[in-house]
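Thanks for sending this one over. Here are my notes, in the order I'd walk through them with the model open.

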Amino acid sequence: TDSYAPRSGDASYDVLSYDLDLTYRVRTNRLSGRARIHAVAHKPLAIVEFDLVGLRATKVRVDDASRVTFAHGQRSLRVTLPRTMAVGERFSVDVEYAGAPAPRRSRWGTIGWEELDDGAIVASQPTGAPTWFPCNDHPAQKSRYRISVTTEKEYHVVANGVPAGSVSRGGDRTWKFYQD
């Protein structure tokens, strides 16, 4: 931890990349997602903790293990790894989650996911990202992202990274973004 964001992030591992597949229903403010998190251990790890606020994981997998124990705290998702990861070892955590995203209170005011009258906006810096996906949320923690957001066709999605197009199917449109 540090004095800037003392209750965010975990120095025991780094996230190399996030692969986020999200579906958002504007009218009901319902977000469901799958986050594939690729990380590397900085110390022997038996438990990994992700920042996650207001959303609930329904299924968690680590590497090829399909049965993984996990628990929710007020600000986090705590995952018991199927075995202890060694220093420098890479691992992947796959989290399926859902809920009604909302901003979180912070020393900078309320930040994160904000439902609007007809849409949503997300201000994730410095510690608002956990309001929409499980993460190692520290401002110094930089990672690659692949973001895919599906929503009703009449809405447009804008996200960080390079736009990679959109595809329509039925009444929905999926927007893709990449950030190295």
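The points below go from the sheet to the charged pairs, then to one strand residue and the core.

1. A word on what we're looking at: this is a predicted model, so please read everything below in that light.

2. Start with the sheet. Seven strands make it up, and the sheet is open, with mixed pairing. Going across, the order is β4-β7-β2-β1-β11-β13-β12. The edge positions go to β4 (56-62) and β12 (162-169); each has a single partner strand, so one side of each has no neighbour in the sheet. From one strand to the next, the twist averages 15 degrees.

3. Now look at the β4 edge. The partner here is β7 (residues 90-99), and the two strands run antiparallel, paired over six bridges. If you want a residue pair to click on, R56 has A98 in β7 as its bridge partner.

4. On to the charges. How many salt bridges does a search of the whole structure find? The count is 13. I'll go through three of them and one network.

5. The D19–R36 salt bridge has an N to O distance of 3.3 Å. D19 belongs to β1 (residues 13-25) and R36 to β2 (residues 30-41), and the pair links distant parts of the chain, 17 residues apart. Both partners are buried. This pair also belongs to something wider: a network of salt bridges links D19 and R36 with D21 and R146. I'd display those four side chains together.

6. Next, R27 and E152, a salt bridge whose closest N and O atoms are 3.5 Å apart. R27 sits in the loop between β1 and β2, while E152 is in β11 (residues 144-152), so this contact ties together parts 125 residues apart in sequence. Are the two ends buried or exposed? R27 has 60% relative accessibility and counts as exposed. E152, at 9%, counts as buried, because the cut-off for that class is under 20%.

7. For R83 and E89, the salt bridge comes in at 2.4 Å, N to O. Both ends fall in the partly exposed class: R83 has a relative accessibility of 44%, and E89 has 21%. Worth a glance at the cut-off here: buried means under 20%, so E89 at 21% doesn't qualify.

8. Back to β11, which also holds S148. S148 is buried, at 6% relative accessible area. Which residues does S148 contact, leaving aside neighbours within four places in sequence? One group is L20, D21 and L22; the other is T174, W175 and K176. D21 will be familiar from the salt-bridge network with D19, R36 and R146.

9. Then the core. As background, nonpolar side chains in soluble globular proteins tend to be buried together. The largest nonpolar core here has 40 residues, and V79, F91 and W132 have the most contacts inside it. At least two core residues come from each of β1, β2, β3 (45-51), β4, β6 (76-85), β7, β11 and β13 (172-179). β1 gives the largest share, six residues.

10. Last, F91, one of the residues with the most contacts inside that core. Not counting residues up to four places away in sequence, F91 touches the run I37, H38, A39, V40 and A41, and also Y13, L45, V48, D63 and M85. I'd centre the view on F91 when checking the core.

Key:
Residues are numbered from 1 along each chain as its sequence is written. This is a predicted model: local features need pLDDT of at least 70, side-chain atom pairs count only at pLDDT 80 or more; totals for chains, interfaces and linings use all residues. Side-chain values use heavy atoms; hydrogens and water are left out. Two strands pair if DSSP finds at least two bridges between them. Helices (H or I, at least four residues) and strands (E, at least two) are DSSP runs, numbered from the N terminus. Axes are lines fitted to C-alpha atoms, for helices over the stretch in contact, and angles run from 0 to 180 degrees between N-to-C directions. A salt bridge is a side-chain nitrogen of Lys or Arg within 4 Å of a carboxyl oxygen of Asp or Glu. Buried means under 20% relative accessible area, exposed over 50%, partly exposed in between (1.4 Å probe, protein chains only). Contact means heavy atoms within 4.5 Å. A nonpolar core is a set of buried Ala, Val, Leu, Ile, Met, Phe, Trp, Tyr and Cys residues joined through side-chain atoms within 4.5 Å.
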